[in-house]
Amino acid sequence: MREPSLCEILSECDEAVVVRMLEFVPEDMDLPRAPRDGVILMTCREGLNETFHLGEVLVSESMVRWRGVEGYAVVVGDDPRRSLVAAAIDAMRQAQAAPSDLEALVADAAESLLHRRGEDARAAASTRVEFDLLPGA
């Protein structure tokens, strides 16, 4: 299973984790534009590895500027705080100034997300049905 991106982690982590991460957002961080909502076209891959467009998905987008670098993030859902935290972490990482306690929070949230996805995959696998062709069909 692939590692989730920062935006995936922030889209799906618990609210309490977001609140703790907000404490690490530097006060001197600039917002070139306010966080905003929008829609994007979500593309998915089905079981036979073909792609299709699932439809439009509501997202929140943020852009920040800090120490000469820009951070940007888009998270699924109507939650500008989550996109703001993700953009702030992006900027702090680019400036190589992300606090280790914040990185530990992100790592714990990523691990929790991978665990939940593993449980979902196991639950889905238990419903798998195999079909055989009858001889002569």
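These are my notebook entries on a few helices and two loop residues, looked up in a model that is predicted.

**Entry 1, helix H2**

I began with helix H2, which spans residues 15-22, and asked which of its residues are buried. I found Val17, Val18 and Met21 to be buried there. These residues cover an arc of only 100° around the axis, and therefore I place them on the same side of H2. I then looked up what the buried residues of H2 pack against, and I noted helix H1 (6-12), helix H3 (80-94) and helix H4 (100-125) as their partners.

**Entry 2, helices H3 and H4**

Since H3 and H4 both appear among those partners, I turned to how H3 and H4 are placed with respect to each other. Their axes come within 12 Å and cross at roughly 125°. I wrote H3 down as oblique to H4, because an angle of that value is neither over 145 degrees, the cut-off for roughly antiparallel, nor within the 65 to 115 counted as roughly perpendicular. I also recorded that the crossing in which H3 passes H4 is left-handed. On the H3 side the contact is made by Ile89, Met92 and Arg93, and on the H4 side by Leu102, Glu103 and Val106. Sorting this contact by class, I have four nonpolar residues, two charged residues and no polar residue.

**Entry 3, Ala88**

Staying with helix H3, I looked at Ala88, which has its place in that helix. Is Ala88 buried or exposed? I count Ala88 as buried, because its relative accessibility is 0%, where the cut-off for buried is under 20%. Setting aside the neighbours within four places in sequence, I found Ala88 in contact with Val25, Met29 and Val64. I also checked Ala88 against Glu8: the two are 80 residues apart in sequence, and their C-alpha atoms are 15 Å apart in space.

**Entry 4, two residues with positive phi**

Most residues other than glycine have a negative phi, so I looked up two that do not follow this. Asn49, which is not a glycine, has a positive phi of about 70°. I located Asn49 in the loop between strand E1 (30-45) and strand E2 (51-66), and I noted it as exposed because its relative accessible area is 51%, the cut-off for exposed being over 50%.

The second is Gln96, also a residue other than glycine, with a positive phi near 55°. Where does Gln96 lie? I found Gln96 in the loop between H3 and H4, and at 74% relative accessibility I count Gln96 as exposed.

Note on methods
Residues numbered from 1 in each chain as written. Predicted model: local features only at pLDDT ≥ 70, side-chain atom pairs only at ≥ 80, totals over all residues. Heavy atoms only, no water. Buried < 20%, exposed > 50% of the residue type's maximum accessible area, 1.4 Å probe, protein only. Arc of directions from axis to C-beta. Contact = heavy atoms within 4.5 Å. Axes fitted to C-alpha atoms, helices over the stretch in contact; angles between N-to-C directions. Parallel < 35°, antiparallel > 145°, perpendicular 65-115°, else oblique. Left-handed = near helix turned anticlockwise from the far one by under 90°. Nonpolar A, V, L, I, M, F, W, Y, C, P; charged D, E, K, R; others polar.
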